[in-house]
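Dear colleague,

Please find below the sequence and structure that I am handing over to you. My findings follow directly after them, arranged by region.

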Amino acid sequence: MEEESEVELQVEEEEPEVMKQPEQPPPCLSEPNTQGIIKGSDLFGYTMKAGFEFNIMVVGQSGLGKSTLVNTLFKSKVSRKSCTPNYEEKISKTVHLQSVSHIIEEKGVKMRLTVIDTPGFGDQINNENCWEPIVKYINEQYEKYLKEELHVNRKRRIPDTRVHCCVYFLPATGHWLRPIDVEFMKRLGNIVSIVPVIAKADTLTMEERLEFKQRIRQGLQANGIRVYPQKEYDEDAEERILNDRIRESIPFAVVGTDKEHQVNGNKVLGRKTKWGIIEVENVAHCEFAHLRDLLIRSHLQDLKDVTHNIHYETYRVRRLNESNANGLGLSVPCICVHCPSLES
Ligand SMILES: Nc1nc2c(ncn2[C@@H]2O[C@H](COP(=O)(O)OP(=O)(O)O)[C@@H](O)[C@H]2O)c(=O)[nH]1
Ligand SMILES: [Mg+2]
């Protein structure tokens, strides 16, 4: 586990690049033509005035296309510093936790979107506790936030490095959930919002995908794995209907690439296969666009809320209890009426 101990120490950050949101928003999983029901639609009018951070983490076995999907998400080559035409041969194996940020700008208002790419597991003969560096990283971000909150001179806006969503990559085996994925996701689901995806979905036929998705959903339920969006946090009937549709289509079958191909005279992000070009952003070909829309459009604000109100809150309460019981670690929390963040 030598490689993983490095994970604990090194987070390489690349300089954020400024990138404009596409003029035409991508088709939304929720209601493509009904702006009103898109959750977080107020985002660009209100929350973004202040500018904010949104952090996504990609997790799963090595070689499943995590780094590639990070690039696909940003639609440009961002998870490495140089661009070379032979990207596929040159893509280096992710050995440290790497965070890549883009400033997404909409009408002069900025959001810092960071994707944390993680080294995959599965290379070691013994994968026991391979989730530990990831769990540790997630908890460390909560701890950092908590320390800032408890600081006497608390910042008005605490820098937010907490992981708002963890995209978990499952191999397209077509069989059942593997024990290692069950164990990993069980642990993650208790501390962060997870969205499972089927990696390299182009290696399965449409029928195989549907069957596999069904089996995974059964596996998730049978093992009590919590995935986002969780039923118990649906706020009303409208949200339940919207989220039920997402729950029925999870895990998203995704394909990643950073290559563009000419299709009917247009350049599209795609993957050449023996059946033709799989257009990554075409929802008839794969569900990458659904994943992207869920993450950075329709459910972005909800993911932030769930992180703050559920996962972080659970962490905070546990830490403060521990701290009070042991008199260790954290400074004693202030319980005066002027500290709303500490009201329980
Ligand atoms: N067929 C197929 N190959 C992919 C896909 N995404 C990535 N790959 C290839 O899988 C290999 C490993 O990708 P990489 O992104 O480094 O995986 P990581 O270890 O999970 O970060 C590379 O050769 C990619 O070109 C995909 O959606 N379909
Ligand atoms: Mg990688």
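I begin with helix α6, whose buried residues pack against two strands, β6 (165–170) and β7 (194–198). Please bear in mind throughout that this is a predicted model.

Helix α6 covers residues 179–189, and its buried members are Asp181, Phe184, Met185, Leu188 and Gly189. Viewed down the axis of α6, these buried residues lie within an arc of 125°, and they therefore line one face of the helix.

Strand β6 deserves a closer description. Six of the six residues of β6 are buried, so the strand is largely enclosed by the rest of the structure. Its side chains are divided between two directions: Cys165, Val167 and Phe169 point one way, while Cys166, Tyr168 and Leu170 point the other way, and all of them are buried.

The pairing of β6 involves two further strands. With strand β3 (residues 52–60), β6 pairs in the parallel sense over five bridges, and Ile56 is the residue that stands opposite Cys165 of β6. With β7, the pairing of β6 is likewise parallel and comprises five bridges; here Val167 has Val195 in β7 as its bridge partner. The chain passes from β6 through α6 to β7, and the resulting β-α-β crossover is right-handed.

An antiparallel pair is found further along the chain. Strand β9 (residues 260–263) and strand β10 (residues 266–273) run antiparallel and are joined by four bridges. Within this pair, His261 has Val268 in β10 as its bridge partner. β9 and β10 form a hairpin with two residues between them, and Asn264, in the turn, has a positive phi of about 50°.

Two other helices should be mentioned. Helix α9 (residues 288–298) has eleven of its eleven residues buried, so it is largely enclosed by the rest of the structure. The buried residues of α9 include charged ones by name, among them Arg292, Asp293 and Arg297, alongside others such as Phe288, Leu291, Leu294, Leu295 and Ile296. Helix α8 (residues 237–249) contains Asp244. Is Asp244 buried, exposed or partly exposed? Asp244 has 13 other C-beta atoms within 10 Å and is therefore partly exposed. The C-alpha atoms of Asp244 and Lys231 are separated by 8.1 Å, the two residues being 13 positions apart along the chain.

As regards the ligand, there are 17 residues around ligand 1, of which Gly65, Lys66, Ser67, Thr68 and Lys200 come nearest. The most to this shell is given by helix α3 (residues 66–74), which supplies three residues. By character, the shell around ligand 1 consists of nine polar, five charged and three nonpolar residues.

Finally, some figures for the protein chain as a whole. It has ten helices and eleven strands. Of its 344 residues, 39% are buried. Among contacts in the chain with a separation of 6 or more, 71% are between residues 24 or more positions apart.

With kind regards

Terms used. Residues numbered from 1 in each chain as written. Chains lettered and ligands numbered in written order. Predicted model: local features only at pLDDT ≥ 70, side-chain atom pairs only at ≥ 80, totals over all residues. Near = placed C-beta within 6 Å. Buried ≥ 20, exposed ≤ 12 C-beta atoms within 10 Å, placed from the backbone. Contact = placed C-beta atoms within 7 Å. Pairing = 2+ DSSP bridges. Arc of directions from axis to C-beta. Right-handed = clockwise from strand over helix to strand, strands pointing away.
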